[in-house]
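Colleague: Could you take me through one part of this model slowly? I'd like a close look at the open spaces in it, and at what surrounds them.

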Amino acid sequence: MADDTAGGAAAGSGDGVRWLFADQLGPHFLDSTSQRAVLVESTRVFARRTYHRRKAHLVLSAMRHRAAELGERAVLVQAATYREGLALAREQLTDAERAAGLSVCDPTSRAARRFVRGLDGVEVLPARGWAVTEAQFAHWAGRKGQPGQPRLLMEDFYREVRKHHHLLLEGDGSPLGGTWNYDHDNREPAPKAPTLEEAAGVAEPWWPHEDDVDAQVREDLDRMVRDEGVTFVGEDGPRRFAVTRREALANLRHFLTHRLEAFGPYEDAMLAQDRWMAHSLMSVPLNLGLVHPVEVAERAEAAHREQGVRLASAEGFVRQVVGWREYVWHLYWHLGEDFERANELGAREPLPRWFTDLDADGEVRAACLSDVLGTVREEGWAHHIPRLMVLGGYALARGWDPQELTAWFHTRFVDGYAWVMAANTIGMSQHADGGVVATKPYWSGGAYVDRMSDYCKRCPYDPKKRLGEDACPFTGGYWAFTARHEERLAANRRTSRAVSGLHRLPDADAVVAQEADRGSSAP
């Protein structure tokens, strides 16, 4: 990859006032420490879709905290739409500022990009806040299929990013420790203890302190519900995630010092009494643009080199930040809008009410699904394995509509954005793309949940049973999904064994009939 200035402010800088979207709140979105900024709160955004209450709080809190930091340099306006808000903001600018014009860094969704490109008097600059530019990724991806050139796989892209930014490399450019990927040293099953603090002495996450800005946001959200007919889902509660750069860096320091060591071994494990495990809680500040991903990766590398944090944990975290996250962002643009409409498995079932409402009425009896939905209801968050293997896995087995599910993840998760959920849900989770992102569907029976968590010990369903009243809906669903897509799975060498296993089941037809009868009812 050629040199870039993805992390700097100088590339494609525009003069005049900068318009900042709610996910462009870090210092690298401004060109100087004196540049003025416009921030627009659009109330219609919350009226169009049902968002998690925690997500709405974080977005408004982050914007208002940024405006407070900028002081007189900030023009913060509240309006029904962005167009109305920009008109109000321009009224507060000087004649010279209006003459210099308004600029904005490319937004992170297709709808927002179409909108800003249709505005008069707004200069659209290249996107910022990424390890590589969209042009660089397009150049790399365009070499796919040429002899000796990279495939369009995350692992290949991740190595290119590591080389480009010289992350976790020896002096000769080889990977630190001799290996690019330390998955084989990570991802252990859940410990026997109920929490990581008891199992490995892992400190609890760093928590922010709410202030008057948060109190005002909470009042405004209450008013939207009461007076404007806005509907939220999920529960309100103390703010868990950083909404300022200062908070984000404090959280990152705490994670690197006290939690990163245990991150690798337990990154895929689930414990009912430890919903945060050893995860960083950096997805929100990263997606708000408060910190740069390369900056985060470099600090993780320093934790290994200077503090002695195990290399496998540091590499696993770096791979999440500048590997998978970066890859998902670029795929959103590279694959185009048709990708988001993909439904190769023909999944058409609508999401049931108990799922969309986050099991607000407590209908779900399956321990893993009940606990994960409860975590999302209370926090608007769950780490990647509950998302992929519990929520996504259940939806996949039941044949739920992938576009509905993508919208659900987008609105129910505090770190959910259109670019985040396209490849993660359409591709990785639901295999609706037919194998563009992942070479096989990620579906599993209860045995996986039993191995990676402590849920099954207190569940009315038995993960070893596929038939009967106490048959695990994940185990039964695994075989029903296999039967439904037998031909496709048999043609894939990574999934053909599942089909062979299906043919050896004496009660396969009964299991399929049982799961059809269960359908999408609360398990």
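Modeller: Here is a walk through the pockets and cavities, ending with one helix.

Keep in mind that this is a predicted model. Let's start with the largest pocket, which has a volume of about 1,500 Å³. Its lining is made up of 49 residues, and those nearest the centre are Gln320, Trp324, His384, Asn424 and Met428. Try finding those five on the screen to get your bearings. Several helices contribute here: α7 (154-165), α12 (283-287), α14 (311-335), α18 (384-398) and α20 (418-429) each supply at least two lining residues. The largest share comes from α14, with eight residues. As for chemistry, the lining of the largest pocket splits into 24 nonpolar, 13 polar and 12 charged residues.

Now move over to the second largest pocket, with a volume of about 1,200 Å³. Of the 41 residues lining this pocket, Arg49, Tyr51, Ser109, His410 and Ala418 are the closest to its centre. Elements giving two or more residues to this lining include the strand β2 (37-42) and the helices α1 (44-48), α2 (53-70), α5 (110-117) and α19 (402-412). Another of them is α20, a helix you've already met in the lining of the largest pocket. The element that gives the most to the second largest pocket is α5, with five residues. This lining comes out as 21 nonpolar, eight polar and 12 charged residues.

Then there are the cavities. Searching the whole structure turns up seven of 30 Å³ or more. The largest cavity holds about 120 Å³ of space. Look for Asp23, Phe29, Trp130, Leu286 and Gly289, which lie nearest its centre among 15 lining residues. Six of the lining residues of the largest cavity are nonpolar, six are polar and three are charged.

One last stop: the helix α25, residues 508-518. Which of its residues are buried? They are Ala508, Val511, Gln514, Glu515 and Arg518. These cover an arc of only 125° around the axis, so they sit on the same side of α25. It helps to remember that an α-helix has 3.6 residues a turn, so residues three or four places apart point the same way. On the other side of α25, Asp509, Ala516 and Asp517 are exposed. What do the buried residues of α25 pack against? Their partners are α18, α22 (473-484) and α24 (496-504). You've seen α18 before, too, as a helix that supplies part of the lining of the largest pocket. Right after α25 comes Gly519, with a positive phi near 55°.

Key. Residues numbered from 1 in each chain as written. Predicted model: local features only at pLDDT ≥ 70, side-chain atom pairs only at ≥ 80, totals over all residues. Heavy atoms only, no water. 1 Å grid on protein atoms, 1.4 Å probe; cavity = no way out; pocket = protein on both sides within 12 Å on 5 of 7 lines; lining within 4 Å. Points joined across faces, edges and corners; volume = space filled by probe spheres on them. Helix = DSSP H or I, 4+ residues; strand = E, 2+ residues; numbered from the N terminus. Nonpolar A, V, L, I, M, F, W, Y, C, P; charged D, E, K, R; others polar. Buried < 20%, exposed > 50% of the residue type's maximum accessible area, 1.4 Å probe, protein only. Arc of directions from axis to C-beta. Contact = heavy atoms within 4.5 Å.
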